[in-house]
Amino acid sequence: MKRLIEARIVNPLLEKYGVPAYKTEGSAGLDLIACLDAPQVIGAGKNKLIGTGLSINIQDPGLVAVVASRSGLCLNHQIRVGQGLGIIDADYHGEIGVILHNDGSEDYTVQPGERIAQLLFMPVVQVAFKLVADFTTITERGDGGFGSTGKH
């Protein structure tokens, strides 16, 4: 069963390009569209904020929308979501913007209507920190990190 999320078109160009939708029955993410009236160049090693023409009203603080890279765009053109993952909080109602980063050595041109990222919805667990001098449990790993468990 699909959950209904209110969405609003904030750039009329999105009507021309089409509202994001799942491309297959098994898709986890909806493709976000570059809602542009002209091509935009992302220089090698640079970031560019690209509007999607869409805003959403999640309404549930137990849910978050996550903006993720498209694998083909990253593999073939070295274009990815600049901050790793973008977070759309339940109380944000503005246009979803995607920070795209060009890891390549050549400029990349984003075309109007191009699928630039994916939007996924995930559960959120909010926590409160209880400050302690020592943890109440001991683990084998402890505070070892950054390769402490080996390569194989």
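**Exercise 1. The three-stranded sheet**

Work out in which order the three strands of the open sheet lie, and which are edge strands.

*Solution.*
Step 1. Know the terms. Strands (E, at least two residues) and helices (H or I, at least four) are DSSP runs, numbered from the N terminus. Two strands pair if DSSP finds at least two bridges between them.
Step 2. Read the order. The open sheet runs S4-S9-S7, with antiparallel pairing.
Step 3. Find the edges. Strand S4 (47-51) and strand S7 (79-81) each pair on one side only.
Step 4. Add the twist. From one strand to the next, the twist averages 35 degrees. Such angles run from 0 to 180 degrees between N-to-C directions, with axes as lines fitted to C-alpha atoms.

The model is predicted: local features need pLDDT of at least 70, side-chain atom pairs count only at pLDDT 80 or more, and totals for chains, interfaces and linings use all residues. Residues are numbered from 1 along each chain as its sequence is written, and side-chain values use heavy atoms, leaving out hydrogens and water.

**Exercise 2. Bridges in the sheet**

State how many bridges join S4 to S9, and how many pair S7 with S9.

*Solution.*
Step 1. Take S4 and S9 (residues 97-102). Five bridges join these antiparallel strands. Gly51 stands opposite Gly97 in S9.
Step 2. Take S7 and S9. Three bridges pair them in the antiparallel sense. Ile79 has Asn102 in S9 as its bridge partner.

**Exercise 3. Positive phi**

Locate Gln59 and Gln78, then decide whether each is buried, partly exposed or exposed.

*Solution.*
Step 1. Recall the background. Most residues other than glycine have a negative phi.
Step 2. Set the cut-offs. Buried means under 20% relative accessible area, exposed over 50%, partly exposed in between (1.4 Å probe, protein chains only).
Step 3. Take Gln59. Its phi is positive, about 70 degrees. Gln59 sits in the loop between strand S5 (54-57) and strand S6 (63-68). Gln59 is exposed, at 52%.
Step 4. Take Gln78. Its phi is positive too, about 60 degrees. Gln78 sits in the loop between helix H2 (71-77) and S7. Gln78 is partly exposed, at 32%.

**Exercise 4. Salt bridges**

Explain why the pair Arg3 and Asp60 ties together parts that are 57 residues apart in sequence. Then treat Arg70 and Asp31.

*Solution.*
Step 1. Define the term. A salt bridge is a side-chain nitrogen of Lys or Arg within 4 Å of a carboxyl oxygen of Asp or Glu. The count comes to four salt bridges.
Step 2. Check the distance. The closest N and O atoms of Arg3 and Asp60 are 2.5 Å apart.
Step 3. Place the residues. Arg3 lies in the segment before strand S1 (6-9) and Asp60 in the loop between S5 and S6, so the pair ties together parts that are 57 residues apart in sequence.
Step 4. Take Arg70 and Asp31. Their closest N and O atoms are 3.4 Å apart. Arg70 is in the loop between S6 and H2, Asp31 in strand S2 (residues 30-33), 39 residues apart.
Step 5. Compare exposure. Asp31 is buried, at 7%, whereas Arg70 is partly exposed, at 22%.
Step 6. Extend the picture. Asp31, Arg70 and Arg115 are linked in a network of salt bridges.

**Exercise 5. Phe121**

Find which residues Phe121 touches.

*Solution.*
Step 1. Place it. Phe121 is in strand S11 and partly exposed, at 27%.
Step 2. Apply the rule. Contact means heavy atoms within 4.5 Å.
Step 3. List the contacts. Not counting residues up to four places away in sequence, Phe121 touches Ile5, Leu30, Ile56, Ile58, Leu63, Val64 and Ala65.
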